[in-house]
Amino acid sequence: MRAGQRQPPSRGDDPGTKKKKKPAAARRERDALGEVLRVMGDSATARASSVEAPLDEERADKPAGGRGARRGTADGNNDGDGGSDAFGMEDGEKKTPTPAYDASGAEKERVVKRATERKSSDVERSQDWSEAAQAREVGRAAQYMRDLISRQVKSNNLSRAGSLADSTVLRRKGRLKEQDPFIEFIVDLFKTHETEEALAKAEKWLDAAIAMPPTKRRFANIYRQVPKLGYFFHALPLSKALAEYDEFCALTKRKYVRPNFAEVRHIINIAQVHASAREVKLVTFDADGTLYADGKHFEEDNQMIDKIIQLMEVGVHVAIVTAAGYPGDAKKFEQRLRGLLDSFKSARLSADVRKRFHVMGGECNYLLEVNDEYELEFVPNEKWRDVDSMTREMYWFAQSEEGRKKVDAFLDRAEKFLTDEAEHLQIDVDVMRKEYAVGVLPRSGTVYENLEEISIGAMIELSDAEVPYCAFNGGNDVFVDVGNKNIGLVTLMKFLGYEGHQTLHVGDRFTSTGNDTKVRDACSILWVASPDETTFFMRLLYRDIVNMRVL
Ligand SMILES: [Mg+2]
C-alpha cells in the first residue's frame, strides 16, 4: 500500500548527501521536504518558483477550450502513477476500470473515458512540467497542500507564508475563532505525548467509542474525557492522515513546536475525507467563506466549479446549504451562483447530472433545483418539505397562520434585542428583515468580538423561544434565522434518501456562534477556513471516490 510514498527518513536531512546527488534528484529533494521553507524563504526567486508553479499547474487543468474540456483534464488524480493512494487502497485496486457505482451506461463510459483522458493528459503534462513530475515524489495531499499555501501567499500579498495556521485567513477576515473540543483535546495531548502518539491514541479512543451503541457512547473513554465531542459517523484514520500531511510539513520532525489548532484541523479533515469517500452520496457546502469569499458571488473562474461538476458526474449529489434566503426570488439565488450555473450550461450537463444539484436557502426554508434551461427554480414545499411526517413536524412554524404569528413575534423580539445590543455597544447598524430572518449590519467597520458579543447575547436571550432558530455571527453581520442548517440537512437527506454517514457538510463556521455548527449531529463535517481549503479537500475527496468507485 502506498508504495513509494514513504521515503527514508534521512532523505534531505544530510546536506553532505544532498550535494552528491544529481541535479534532478536534488530538485526533487527540495520539492519533497523543502517546499514550506521555500515558500517561507527570503529569496524572491524561490518564491517565484514555489508560488507560481502550482498556480500554473492549476491553470493547466483549465485549457481555453471550454469547461467540458477543462474538466477532462482536471486533477489527474486517478492516474495510477505510483504516488500515494487513497487510504485503504492497494495499488492494484485502482488499475482495473470498473463502472461508476450508480451512473447510467452512457455516464459510466464518459467517466471512464474522462479518467483515461486524464491519464494521457497527465503524461503530457509531466513531460512539459518538470515540476509536476517531481511533485509525484510526494503524496497528493502534500501536492495539494503546497498549492493551497501558495495560493494563500499570493492572494494575501504576503511576502512569506508565516504559518500553516489560519493566520493569513485571520488577517483577511478579522478573527476566525478556533473552538472545537476534539481539536483542543488533541492539542492538549501534545503536552504529554509525541505527535504520533497523541493522534494514535485519539484514533484508538474514537474507534472504541464508535464501536459502542450510540446510546452508550457517553460512557466511552473519549466521551468521558471530551463530553462535548459531538457525534461521529466514521472512525477516523488519524495516524494515516498525519503521515500524509507530514509529507508536506514534517510535523513529526518538529521537536519544539507542536502541531497547532489549524494543523490538527487539517489532519482531522484529511482523515474525514478518506473515511467518507467510500460511501458518500451527498456533499453539501456552506456558501459564503466556503465556496467564495464572504459576501461575494460564484465567479466563473471559481476553482470549485470543476470540483462540484466532477462530484456530480461520479454520482454524488451536491447541495449548497446557505443562510442566504430570497423568498420567491429564484433570480436572486441565481445571481449568487451565476458562474456555477453558466458552467453547468456550457458543459451541457445532462438532466441526470443536473438533478444532482440543489440549493437550500435561508438555512432550511427554501429548496431550489436546476431546470432544463439551467436556471434555478423553487421545488414546491409539498414535494420536499411537507411530504414526510417527520419533516412536516419540524417545519410546524411554516405550516399554519398560528405558526406565522409565532414567527413574526419571534423576529420582533430578535430584532429588538439585536438593535438594543448594537446601540449598547455603540455600533451603528442597518436592520435587514426577511420572511424568516432578521439581522444587523454594521454601517462602518467594527470588531469581530463585538459581533460575537451580540450573537452570543442573542442566543442566550432567545434560548427559551418556541421557534427553532439560529443566531450567528456571519463575520460581517449578526443574524437570527428561523430554522437552522440541521433542519435543512436532515430534511434534504430525507428528501434525497441519504443518511448521515453518507453525507459530508463542508463549512467555515463551526464555532459556538457559527451557523454550520448545528449540522454536526446530522452528518459528517469538514471545517474549512477558506474557499481554497475547500478546493484542497474536494480534490482529495474526488480522487478517493474515483479510485474507489471507478478505477
Ligand atoms: Mg460561511
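**Close-up views of the predicted model**

**View 1. Helices H12 and H13 make a right-handed crossing.** The contact draws Leu238, Ala241, Leu242, Glu244 and Tyr245 from H12, and His266, Ile267, Ile268, Ile270, Ala271 and His274 from H13. By residue class, the contact of H12 with H13 comprises eight nonpolar, two polar and one charged. The two axes cross at roughly 115° and come within 8 Å. The structure shown here and in the views that follow is a predicted model.

**View 2. Asparagine 260 sits in the loop between helix H12 (238-249) and helix H13 (261-277).** Is asparagine 260 buried or exposed? The residue falls in between and counts as partly exposed, because 19 other C-beta atoms lie within 10 Å, whereas a buried residue needs 20 or more. Phenylalanine 190 is 70 residues away from asparagine 260 along the chain, and the C-alpha atoms of the two are separated by 9.6 Å.

**View 3. An open sheet of four strands runs in the order E6-E7-E9-E8, with antiparallel pairing.** Which strands stand at the edges of this sheet? They are strand E6 (429-434) and strand E8 (469-473); each has a single partner strand, so one side of each lacks a neighbour in the sheet. From one strand to the next, the twist averages 15°. Six bridges link E6 to strand E7 (residues 437-442) in the antiparallel sense. Within this pair, aspartate 430 is placed opposite leucine 441 of E7.

**View 4. Helices H20 and H21 pack on the four-stranded sheet.** Helix H20 (residues 401-424) touches E6, E7, E8 and strand E9 (478-482). The direction of H20 makes about 15° with that of E7. Helix H21 (residues 448-461) touches E8 and E9, and its direction makes about 165° with that of E8. Strands E8 and E9 are thus touched by both helices.

**View 5. Seven strands form an open sheet with mixed pairing, in the order E5-E4-E3-E2-E1-E10-E11.** Where does the sheet end on either side? The edges are E5 and strand E11 (524-527); each has a single partner strand, so one side of each is left without a neighbour in the sheet. The twist in this sheet averages 25° from one strand to the next.

**View 6. Strand E4 (residues 366-370) is mostly covered, with four of its five residues buried.** On one side, E4 pairs with strand E3 (residues 357-361), to which it runs antiparallel through four bridges. Leucine 368 of E4 is the bridge partner of valine 359. E4 also runs antiparallel to strand E5 (residues 376-378), with three bridges joining the two. Here valine 370 has leucine 376 of E5 as its bridge partner.

**View 7. The hairpins on either end of E4 each hold a residue with positive phi.** How many residues lie between E3 and E4 in their hairpin? There are four, and glycine 362 in this hairpin adopts a positive phi near 55°. The hairpin of E4 and E5 has five residues between the strands. In that hairpin, the positive phi belongs to tyrosine 374 and is near 60°.

**View 8. Residues 118-136 and residues 166-176 carry pLDDT under 50.** For residues 118-136, the model has 27 contacts beyond four places in sequence. For residues 166-176, the corresponding count is 20. Over the protein chain, pLDDT averages 76, and 70% of the residues score at least 70.

**View 9. The whole chain, for orientation, holds 23 helices and eleven strands.** The protein chain has 551 residues, of which 47% count as buried. Among contacts with a separation of 6 or more, 70% are between residues 24 or more positions apart.

Methods: Residues are numbered from 1 along each chain as its sequence is written. This is a predicted model: local features need pLDDT of at least 70, side-chain atom pairs count only at pLDDT 80 or more; totals for chains, interfaces and linings use all residues. Two strands pair if DSSP finds at least two bridges between them. Axes are lines fitted to C-alpha atoms, for helices over the stretch in contact, and angles run from 0 to 180 degrees between N-to-C directions. Two residues are in contact if their C-beta atoms, placed from the backbone, lie within 7 Å. A residue is buried if 20 or more other C-beta atoms lie within 10 Å of its own, exposed if 12 or fewer, and partly exposed in between; C-beta atoms are placed from the backbone. pLDDT is the predictor's confidence in each residue, from 0 to 100. A crossing is left-handed if the near helix is turned anticlockwise from the far one by less than a right angle, and right-handed if clockwise. Ala, Val, Leu, Ile, Met, Phe, Trp, Tyr, Cys and Pro count as nonpolar, Asp, Glu, Lys and Arg as charged, and the others, Gly among them, as polar.
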